[in-house]
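Trainee: Could we go through this one together before I get back to the bench?
Mentor: Gladly, have a look at it here and ask as you go.
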Amino acid sequence: MVGSVDVLAHDSSINGTMKQWPEDFNSMTIMRDHVTLTIGENGIGNGVVQNGTENGERKIVLGRNIHTTCLEVTEPDIDDEVTGEREAYMAGVLAKYKKSLTERTNYHLGYPYNLNFDYDALSQLQHFSINNLGDPFIESNYGVHSRQFEVGVLDWFARLWELEKDEYWGYITNCGTEGNLHGILVGREVFPDGILYASQESHYSVFKAARMYRMECVKINTLWSGEIDCDDFKAKLLCHKDKPAIVNVNIGTTVKGAVDDLDLVIKKLEEAGFSQDRFYIHCDGALFGLMLPFVKRAPKISFKKPIGSVSVSGHKFVGCPMPCGVQITRLEHVNALSRNVEYLASRDATIMGSRNGHAPIFLWYSLNMKGYRGFQKEVQKCLRNAHYFKDRLVDAGIGAMLNELSSTVVFERPHDEGFVHKWQLACQGNVAHVVVMPNVTIEKLDDFLNELVQKRAVWFRDGNCQPYCIASDVGQENCLCALHR
């Protein structure tokens, strides 16, 4: 029955029985049907979005409510084991889901995930419940773990950021956000009365941390590039000289891929009268934290400088199939928040208790297969392709910007949310971006641009609709609207 041509579907209205899907059923319609919801800064609305605004207010376009397409869980029928009907139904659902994943992967450009990987060699380990609960460096009584892989990965990153084995502590997190939550938590534990400083273009998880930990948070202005405005940073430091500073430094901002000048941040702290025993710096390197070390003439992220922690994502540039990340901090700092747990026979210094033990193996495998030279080649390819794409956008009359150390190309937001959804673009205000990752080829960039040019010819044909002005987002020199062209 599993290999049957007929695909069965669950119909909850007929007592949990099965019925055949119609022959012309297309699973792609579920993925392509983009029902949008708009939400303003002050609440939810359902109006039509004209040029990105409704009644003068910028509206955020949300995705569809998944409850409209969810796959319901139902109780098996008594005779299912005999008929095999349920197995056939689930096999059909999974086959169609795999087809939809393949289709969506082909049209992925807006989020920083490296989809170019092959981990077939690790499939043999999927039969085990691998859990690295507790401290990575202290074995728990739970024996099905991958700490030996985890510590090997942590050692690799500690070397990359120039911190000796006996001076660092870290762990493999469940995502980049957890790395930020942990880094800022360590800073808060070191300086309980410290103020968190973060640029307004920092990842939303930084401000989530401030809310979770009830920390006073000061937002710093940014330059049009997205980089922190260090003059504004110093001015705001001087307003709070009586309290220690906990500083988030971006190694690649979310939207523009801007890299904050770490050396200048440290200099401004010193100029404002903050000695090294009165500040803690967390570096959010979700994507570019692993790319920057392989970029020529790029500033160095190193624990030889007075920083407290660095975090990166494992599912971004490395290319793990599940969300994960790496968090490295100084051993002296983590002692402020770690506790012994008898139940685990280990130490507790992580955000989460149970931790995915498969993720360290995937990271270890990738690092061994690619090595420093492999990552360097991939970084150079991404930067080269990003420059190519940015130049092609400008040649086509589309305003665009690319930061020097980045593979994130920022350009005018498309006027069709269906097009945005198809290519899975990340948008903010009047701009969208494409993140050029190792799996993004010149051919894919050309396909996207050709379709975008065709769409623009339709959007702007009658003159009622104009390209967005992005001067306030990326600077006048990068804007090609009617005013700044």
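Mentor: Before we count anything, a residue is called buried here when its relative accessible area is under 20%. Please also keep in mind that this is a predicted model.
Trainee: OK, so what share of the chain counts as buried?
Mentor: Of the 485 residues in the chain, 52% count as buried, and the chain as a whole exposes about 23,700 Å², of which carbon and sulfur atoms supply 51%.
Trainee: And how many helices and strands does the chain have?
Mentor: There are 14 helices and 20 strands. Among the contacts between residues at least 6 apart in sequence, 68% join residues that are at least 24 apart.
Trainee: Let's switch to strand β9, is it mostly covered or mostly open?
Mentor: Strand β9, which spans residues 195-199, is mostly covered, with five of its five residues buried. On one side these are I195, Y197 and S199, while L196 and A198 are the buried residues on the other, so to speak, face.
Trainee: Which strands does β9 pair with, then?
Mentor: β9 runs parallel to strand β11 (residues 245-250), to which three bridges join it, and Y197 stands opposite V247 of β11. With strand β10 (residues 217-220), β9 pairs in the parallel sense over four bridges, and there S199 has I220 as its bridge partner.
Trainee: How does the chain get from β9 to β10?
Mentor: The chain crosses through helix α6, residues 204-212, and this β-α-β crossover is right-handed.

Definitions and conventions
Residues numbered from 1 in each chain as written. Predicted model: local features only at pLDDT ≥ 70, side-chain atom pairs only at ≥ 80, totals over all residues. Heavy atoms only, no water. Helix = DSSP H or I, 4+ residues; strand = E, 2+ residues; numbered from the N terminus. Buried < 20%, exposed > 50% of the residue type's maximum accessible area, 1.4 Å probe, protein only. Contact = heavy atoms within 4.5 Å. Areas by Shrake-Rupley, 256 points an atom, 1.4 Å probe, with all protein chains shown as cover. Pairing = 2+ DSSP bridges. Right-handed = clockwise from strand over helix to strand, strands pointing away.
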